[in-house]
Amino acid sequence: MRTRPFTLLSALAGLTLLLLLALAPTAGAKATDLSDVAQALKQSPVYVHPDAADQLSKSQADALADKIENADKPVFVAVLPDTAQFPADSLLRDLRTQTGVTGLYAVRLGDRFAAASDRAVMPAQSVRNIADSVRTPGVNANTELTDFVDQALPQARGSAPSSWSGVPGNDGGAPVAGLITIGALAAAAGATALTVSTRRRRRREREDQEALDKLRTVVDEDITAYGEELDRLDFHPSASYADDAMRTDYEHALDCYDKAKTFMSRAHHPRDVRPVTEALEDGRFSLAVLAARREGRPLPERRGPCFFDPRHGPGATDVEWAPPGGETRQIPVCAADATRLAEGRDPMARTVDTPDGRRPYWEAGPAYGPWAGGYFGGGILPGLLIGTMLGSALHSPAYAADYGGVGFEGGDFSGADFDSSSFGGSDFGGGDFGGGGGFGGGDFGGGGF
């Protein structure tokens, strides 16, 4: 059969992986350099260097590893001695490079602690916030690391790397006695790969459905609001004042309404929502043009819809605004919201359901990315949302992967193929690497070491 060579090669590839893992150093072996630490983390989520064993006992390390593995999240923890062997200024980045797995990395270096993550797993600001919240002078490693992991696991995206489901580690080197037959190992490799693949697929399907359910409520409200605008529109194509340009605007607005309903009825994935809101934004601009023609005003400039609520229609002007704790930027707003801001009042923000109740959409999670992206366009949207929860999500590879782009997910093996500007978090303190500033320029973002 034509499939037999492929099946055999797949089995042998799985066997090779298992043998390599079995022959690699384990958490109990003496690590001579960072590559040994990285190799150990490929097999288990927690590594304790022998010279730092007084900080985290074996039972504590095992309990922490079990917690991470049971949560099925790509979170890696290393406890290392604060020596020249592990220079702080590039430690997390180098550890991520040599481990090669997209994930969240936390390191206790002597009595200092730092963490960093690929954005596909967790935004850098979230990592910084969690790390800052668990740091307490004089706190022991077990308390600090457990608190960090407890807060990080519910927020981390992706799945545990499949290598954790491979050959169990031991303290003595190659587990020759456990390698009974090549056939048994090949079967085990195939079963492990199938289990991991099925688990990830089911998790992704469940997450996609939950995100789509959230979006469906919001988008249905938008479609209904747009339909009501059309119903209130006092325009008759056959009226004596109507010209061909007006009729074209009106027909296009109606077509956009039909498109939005059709696209939503066919949506099966969160990314399928984006064409819906693109159609609604396009339709509202046609209505604004139609209104200008009827009133004899200059035609409006094409600009994004009101940032605070796209149902308000195209922005009438740009204003400077900053979310609480965020950066100031120029955003398009409708005339009514511009007046409210000028008078010191809050804008009429679009709110959505979150675990903390109704909140402005920019304080919601990444599920609302496709909805906002259709209104504002993926290229400018992250810039509009700098410093907000949704903005952090839209900057991440996870957003691209979830909503139709490409990128590594949490737990995927990327090797050294990752952008260091997308890997950031907290710092060890006392150094100057990264300068504590933002990402960019290839810097290891999220603060200096």
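In the predicted model, strand β1, helix α3 and strand β2 form a β-α-β unit of left-handed sense. Helix α3 covers residues 58-71. The two strands of this unit, β1 (residues 46-48) and β2, pair in the parallel sense. Three bridges join them. Within this pairing, Tyr 47 stands opposite Ala 78 of β2. A second β-α-β unit follows, made of β2, helix α4 (residues 91-99) and strand β3, and this one is right-handed. Strand β2 thus takes part in a left-handed unit and in a right-handed one.

Strand β2 spans residues 75-80 and is mostly covered. Six of its six residues are buried. Val 75, Val 77 and Val 79 point one way from the strand. Phe 76, Ala 78 and Leu 80 point the other way. On the β3 side, the pairing is parallel and runs over six bridges. Strand β3 comprises residues 104-109. Here Phe 76 stands opposite Tyr 105.

The sheet continues beyond β3. Strands β3 and β4 run antiparallel and are joined by six bridges. Tyr 105 has Ala 116 of β4 as its bridge partner. The two strands form a hairpin with two residues between them. In this hairpin, Gly 110 takes a positive phi near 65°. Strand β4 (residues 112-118) is largely enclosed by the rest of the structure, because six of its seven residues are buried. Strand β4 also runs antiparallel to strand β9 (residues 423-425), with three bridges between them. Ala 116 is bridged to Gly 425 in β9.

The loop between α3 and β2 holds Asp 72. Asp 72 has a relative accessible area of 6%, so this residue counts as buried. The side chain of Asp 72 reaches the backbone nitrogen of Ala 160 at 3.0 Å.

Aromatic contacts were examined next. The structure holds 17 aromatic pairs. One of them joins Phe 76 and Trp 164, with ring centres 5.3 Å apart. Their planes meet at 70°, so the pair is edge-to-face. Phe 76 lies in strand β2, while Trp 164 lies in the loop between α6 (141-152) and α7 (182-232). The pair therefore ties together parts that are 88 residues apart in sequence. Phe 76 has 1% relative accessibility and counts as buried. Trp 164 is also buried, at 10% relative accessibility.

Phe 308 and Trp 321 make another edge-to-face pair, because their planes stand at 90°. Their ring centres are 5.3 Å apart. Phe 308 lies in the loop between α9 (274-295) and β5 (317-321), and Trp 321 lies in β5, so the pair ties together parts 13 residues apart in sequence. Phe 308 and Trp 321 are both buried. They belong to one aromatic cluster, whose other members are Phe 307, Tyr 361, Trp 362, Trp 371, Tyr 375 and Phe 376.

Trp 321 also links this cluster to a strand pairing. Strands β5 and β6 run antiparallel, joined by five bridges. The bridge partner of Trp 321 in β6 is Arg 329. Strand β6 (residues 329-333) has four of its five residues buried, so the rest of the structure largely encloses this strand.

Helix α6 contains Gln 151. At a relative accessible area of 33%, Gln 151 is partly exposed. Leaving aside residues up to four places away in sequence, Gln 151 touches Ile 130, Ser 133 and Val 134. Val 134 is 17 residues from Gln 151 in sequence. The C-alpha atoms of these two residues are 9.3 Å apart.

Some totals describe the chain as a whole. The protein chain has 14 helices and nine strands. Of its 449 residues, 47% count as buried. Among contacts between residues at least 6 apart in sequence, 63% join residues at least 24 apart. The chain exposes about 20,900 Å². Carbon and sulfur atoms supply 53% of this area.

Notes: Residues numbered from 1 in each chain as written. Predicted model: local features only at pLDDT ≥ 70, side-chain atom pairs only at ≥ 80, totals over all residues. Heavy atoms only, no water. Buried < 20%, exposed > 50% of the residue type's maximum accessible area, 1.4 Å probe, protein only. Contact = heavy atoms within 4.5 Å. Areas by Shrake-Rupley, 256 points an atom, 1.4 Å probe, with all protein chains shown as cover. Pairing = 2+ DSSP bridges. Right-handed = clockwise from strand over helix to strand, strands pointing away. Polar contact = N/O pair within 3.5 Å; in protein donor to acceptor, adjacent residues only side chain to side chain. Phe/Tyr/Trp six-rings, centres within 6.5 Å; stacked < 30°, edge-to-face > 60°.
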